[in-house]
Amino acid sequence: EIAGGTVSGNKYGNGNGYGIYNKNAGTVKVTEGTVSGSGSSDDGYGIYNGSTVTVTGGTISGDDYGIYNASTGTVEVIGGTISSSDCGIYNDGRITIGIKKDEQISQEEPYIIGKSSSSSYDGYGIRNSRGKLYYYDGKIEGSTKGISGNITEIEDNTELLITKDETEVIQLEAKETNVARVNGVEYDSIQKAVKACGETESTI
């Protein structure tokens, strides 16, 4: 468990730089502190995971990937910040972002970002290559795309809010729920429905 301090891995020769290398049966929990993996310009992984990782806080970063989740890996991100110049998270396994059916959707935490001014990097918040991605909370940002690939599931009664400026930001927002229908037209509040009736005879 990483509950504070700094864990870093630097590239040596032609090898990769891992902050944490969790390939097989290990369980990693990051609650606070900083985890980073750096190299010359690539192959720096904050965390390489082929087993189980849970992140509830702290900062995880890598030159190439904040977290690389292999096909055998399971990652749960509840809080904290995960960043990289290439992909904040690269996923071939199973990733869960946030908590399903908690009291309120968080649009800010966890925060996952892949941002680079260089065309040699993807610039994805999350690249979901062949894995499963469950998205329930948080802010996902990328200089190219917030999420590349499919989303398996999002929180019930929500939809994606996508904002594009210099980067693409993806968040969740509650779906508007219609509560009344006037002459076949639906409205999301009683006040709007009553106003639509006017002084003519209408069916609600």
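## Strands, cores and tyrosine rings in a predicted model

Of the 204 residues in the chain, 44% are buried, a term that stands for under 20% relative accessible area, with exposed meaning over 50% and partly exposed the range in between (1.4 Å probe, protein chains only). This is a predicted model, in which local features need pLDDT of at least 70 and side-chain atom pairs count only at pLDDT 80 or more, while totals for chains, interfaces and linings use all residues. Residues are numbered from 1 along each chain as its sequence is written, and side-chain values use heavy atoms, with hydrogens and water left out.

The chain has 1 helix and 21 strands, which are DSSP runs numbered from the N terminus (helices H or I with at least four residues, strands E with at least two). An open sheet of 6 strands follows the order S2-S4-S7-S10-S13-S16 with parallel pairing, where two strands pair if DSSP finds at least two bridges between them. Strand S2 (17–22) and strand S16 (145–148) stand at the edges of this sheet, and because each has a single partner strand, one side of each is left without a neighbour there. At the S2 edge, 5 bridges join S2 in parallel to strand S4 (residues 44–49), and Ile20 stands opposite Ile47 in S4.

Ile47 leads from this sheet into the interior. In the largest nonpolar core, which has 24 residues, Ile47, Ile60, Ile67, Ile89, Ile97 and Ile126 touch the most other members; such a core is a set of buried Ala, Val, Leu, Ile, Met, Phe, Trp, Tyr and Cys residues joined through side-chain atoms within 4.5 Å. Strands S3 (27–38), S5 (52–55), S8, S11 (94–97), S14 (132–135) and S19 (168–174) each supply at least two residues of this core, and S3 gives the most, with 3 residues. Leaving aside residues up to four places away in sequence, Ile47 touches Ile20, Val30, Val35, Val53, Ile60, Gly66, Ile67 and Tyr68, a contact being heavy atoms within 4.5 Å.

Ile60 belongs to strand S6 (residues 59–62), whose covered face holds Ile60 and Gly62 and whose uncovered face holds Thr59 and Ser61. S3 and S6 pair in the parallel sense over 4 bridges, with Ile60 as the bridge partner of Val35, while another 4 bridges join S6 in parallel to strand S9 (residues 81–84), where Gly62 stands opposite Ser84. In strand S8 (residues 74–77) lies Val77, which counts as buried because its relative accessibility is 0%, and whose contacts, again without residues up to four places away in sequence, are Val55, Ile82, Ile89, Thr96, Ile97, Gly98 and Pro110.

The aromatic side chains form a further theme. A search of the whole structure finds 11 aromatic pairs, where rings of Phe, Tyr and Trp (its six-membered ring) pair if their centres lie within 6.5 Å, with planes under 30 degrees apart counted as stacked, over 60 as edge-to-face and the rest as tilted. The rings of Tyr18 and Tyr48 have centres 5.9 Å apart and planes at 70 degrees, so the pair is edge-to-face; this pair links strand S2 to strand S4 across 30 residues. The rings of Tyr21 and Tyr48, in contrast, have centres 5.0 Å apart and planes at 25 degrees, so they are stacked. Tyr48 is buried at a relative accessible area of 17%, whereas Tyr18 is partly exposed at 25% and Tyr21 is partly exposed at 43%. Ring pairs link Tyr18, Tyr21, Tyr45, Tyr48, Tyr65, Tyr68 and Tyr90 into a cluster.
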